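Me: I'm in my first year and still learning to read protein models. Please pick one buried spot here, look at it closely, and then show me how it fits with the rest of the chain.

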Amino acid sequence: MLEVFIKGLAAGLIIAAPVGPVGVLCVHRTLVHGRIHGLLSGLGAATADAAFGAVAAFGLTVVAMFLIEHNDWVRLGGGALLLVLGAKTLLAPRPNPGDNDQPMSLGGDCLSTFVLTLTNPMTVLAFFGIFAALGISAGASLTEASVLVLGVFLGSELWWVLLSTGVGVFRHAIESVYLRWIQLVSGSLLLGFGIGVLLSLVA
């Protein structure tokens, strides 16, 4: 069972590590608002990764096929969400490194990355491929599948903890003018990701 857990941990890390819009959000929120905002953003993404991992681990092919068949519509929503997040980031007030954390927005940080991660249904196929590469059979028992999904969640969350903790070290060493540039670059990247998603749907 430990081997299954470790393989799930590895799968979660593999899925979470590539740089994308959630990574941009995590880094931006950590630098501008504080480490807890980055951690909560990562928690939302890890929860969504675990949901996709569960579809693959439990062999829920009906759910997988539904997600894949409606991929374009889901990605359309994801692209629109990225545009909203990008615009919100660009239009936000100039950040100050001495600002206190904003606890009222923590739930929104977690929810936004959860939804954003779910708008990429093809992640399910990635999990099927990773599980196969790691030698995880499709006929795993209920207990093994549960342990596997737990490993996926913790592996993904581990990545976001490492990222937000590492980035958070530099937060108070960055002057306000540089935080503003970080804000502008983050918002532009999110807008770019959103435009890229929407263009891919009409290509």
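Reply: Let's start with Lys7 and the residues it touches. Leaving aside neighbours within four places in sequence, Lys7 is in contact with Leu134, Gly135, Ile136 and Leu148. Please keep in mind that this is a predicted model. Lys7 itself belongs to helix α1, which covers residues 2-16. Is Lys7 buried or exposed? Its relative accessibility is 19%, and the cut-off for buried is under 20%, so Lys7 counts as buried. You can also check its place in space: Lys7 and Val152 are 145 residues apart along the chain, yet their C-alpha atoms are separated by 8.2 Å.

That link between distant parts of the sequence is a good thing to look for elsewhere. Taking contacts between residues at least 6 apart in sequence, 94% join residues at least 24 apart. Try it with Gly194, which sits in helix α9 (residues 176-202). Beyond its neighbours within four places in sequence, Gly194 is in contact with Gly79, Leu82 and Leu83. The C-alpha atoms of Gly194 and Leu83 are 5.3 Å apart in space, although their positions lie 111 residues apart in sequence. Gly194 has a relative accessible area of 0%, and anything under 20% is called buried, so Gly194 is buried.

Now find a pair that touch each other, Thr30 and Ser164. Thr30 is in helix α2 (residues 21-33), while Ser164 is in helix α8 (residues 142-168). Beyond its neighbours within four places in sequence, Thr30 is in contact with Arg35, Gly38, Ser164, Val167, Gly168 and Arg171. Applying the same sequence limit to Ser164 gives contacts with Cys26, Thr30, Arg35, Gly38 and Leu39. Arg35 and Gly38 therefore appear among the contacts of Thr30 and among those of Ser164, under the contact limit of 4.5 Å between heavy atoms. Thr30 is buried, with a relative accessible area of 0%, and Ser164 is also buried at 0%. Not every pair you might pick is like this one: Ser164 and Ala92 are 72 residues apart in sequence and 21 Å apart in space, C-alpha to C-alpha.

For a contrast in burial, go to Gly108 in helix α6 (residues 106-118). Its relative accessibility is 40%, and values between the limits of 20% and 50% are called partly exposed, so that is the label Gly108 gets. The C-alpha atoms of Gly108 and Gly44 are separated by 9.6 Å, with the two residues 64 apart along the chain.

Let's step back to the whole chain. It has nine helices and zero strands, and the chain's radius of gyration is 18 Å, close to the 17 Å that the globule rule gives for 203 residues, so the chain is as compact as a globular protein of that length. Its C-alpha trace spans about 55 × 40 × 25 Å along the principal axes. Of the 203 residues, 41% count as buried. The chain exposes about 10000 Å², with carbon and sulfur atoms supplying 74% of it. Its charged side chains come to 8 positive and 10 negative, and the centres of the two sets lie 10 Å apart.

How confident is the prediction? The mean pLDDT of the chain is 84, and 91% of its residues reach 70 or more. Confidence is lowest in helix α4 (residues 61-69), with a mean of 80, and highest in helix α3 (residues 35-57), at 91.

How values were computed: Residues numbered from 1 in each chain as written. Heavy atoms only, no water. Helix = DSSP H or I, 4+ residues; strand = E, 2+ residues; numbered from the N terminus. Rg over C-alpha atoms; globule rule 2.2 N^0.38 Å. Buried < 20%, exposed > 50% of the residue type's maximum accessible area, 1.4 Å probe, protein only. Areas by Shrake-Rupley, 256 points an atom, 1.4 Å probe, with all protein chains shown as cover. Lys, Arg positive; Asp, Glu negative; His and termini not counted. Charge placed at Lys NZ, Arg CZ, Asp CG, Glu CD. pLDDT = per-residue confidence, 0-100.
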